Amino acid sequence: AARFHAQRNMRCSVKFMIITIAIGFVLVFNDKPHIIYRFYLGQVTDRECMSIRVLVVDDHEVVRVGLACLFEDSEIEVVGAAANAKEAVEQAEKHQPDVVVMDIRLPDGDGLGVMRALREIIPDVRMVVLSTYDNPTYVARSYALGASDYLLKGVGREQLLKSIRRAAAGDACSPGSLMGQVADSMTKRHSKKDAQGLDLTN
């Protein structure tokens with residue numbers, strides 16, 4: 001009898017585990033029913049399970065369309081696109097992206113204002129600035145607002161993909177990037193101020 005109860009408990013535990021995994025999978029991919037079906041058939045690739053949902057914000061259509069084409073054959077999925085600050089906030093609220101690829105200049109404002117707004121409505125969202133301006137002030141303000149990286153529009157495909165992947169993973173930008181240089185400079189400046197403060201108190 002004890003052996004029977006042990007086997008029954010094991011079967012119940014296995015069933016519970018399978019149901020829990022199935023529910024979790026449905027919650028994650030509730031907007032992708034075709035993936036749920038293909039998962040049942042064992043046809044889902046690792047790339048699809050690890051997709052990075054991206055919102056593209058740029059006032060030039062050629063850039064928005066170009067980035068969507070650039071991300072093809074990668075795990076990066078463009079879930080929305082916006083041409084101005086108002087659309088950016090609306091699209092972000094609607095699609096809840098993992099990463100927002102943001103232009104710094106927009107017709108009805110700027111990317112800095114959008115980043116500030118997004119921080120309030122989606123605190124965990126990651127942001128990568130893609131701009132034609134290498135102005136250190138823009139880079140520093142983007143860093144202060146929590147952007148993961150700041151790239152120029154002449155950047156290569158692989159570098160852009162790496163930056164988005166790093167942002168999605170919550171990793172710091174590469175040390176040699178524009179933002180990496182600014183972040184290093186700001187860290188040294190704060191360290192120097194802290195050291196001066198300690199000297200004054202001694």
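**Salt-bridge exercises**

Lys-86 counts as exposed at 53% relative accessibility (exposed is over 50% relative accessible area, buried under 20%, partly exposed in between; 1.4 Å probe, protein chains only). The model is predicted: local features need pLDDT of at least 70, side-chain atom pairs count only at pLDDT 80 or more, and totals for chains, interfaces and linings use all residues. Residues are numbered from 1 along each chain as its sequence is written, and side-chain values use heavy atoms, without hydrogens and water.

**Exercise 1.** Find the salt-bridge partner of Lys-86 and place the pair in the fold.

*Solution.*
1. Apply the rule: a side-chain nitrogen of Lys or Arg lies within 4 Å of a carboxyl oxygen of Asp or Glu.
2. The partner is Glu-90, with the closest N and O atoms 2.6 Å apart.
3. Both residues sit in helix 5 (residues 85–95), four residues apart, about one turn of the helix. Helices (H or I, at least four residues) and strands (E, at least two) are DSSP runs, numbered from the N terminus.
4. Glu-90 is partly exposed at 39%.

**Exercise 2.** Describe the bridge of Glu-75 and the burial of its two residues.

*Solution.*
1. Glu-75 pairs with Arg-165; their closest N and O atoms are 2.6 Å apart.
2. The pair links distant parts of the chain, 90 residues apart. Glu-75 is in the loop between helix 4 (61–70) and strand 2 (76–82), Arg-165 in helix 8 (residues 157–169).
3. Glu-75 is buried at 16%, whereas Arg-165 is partly exposed at 30%.

**Exercise 3.** State how many salt bridges the rule gives, and name the network.

*Solution.*
1. The count is five.
2. One of them joins Arg-157 and Glu-158 at 3.2 Å between the closest N and O atoms.
3. The network links Asp-58, Asp-103 and Lys-153.
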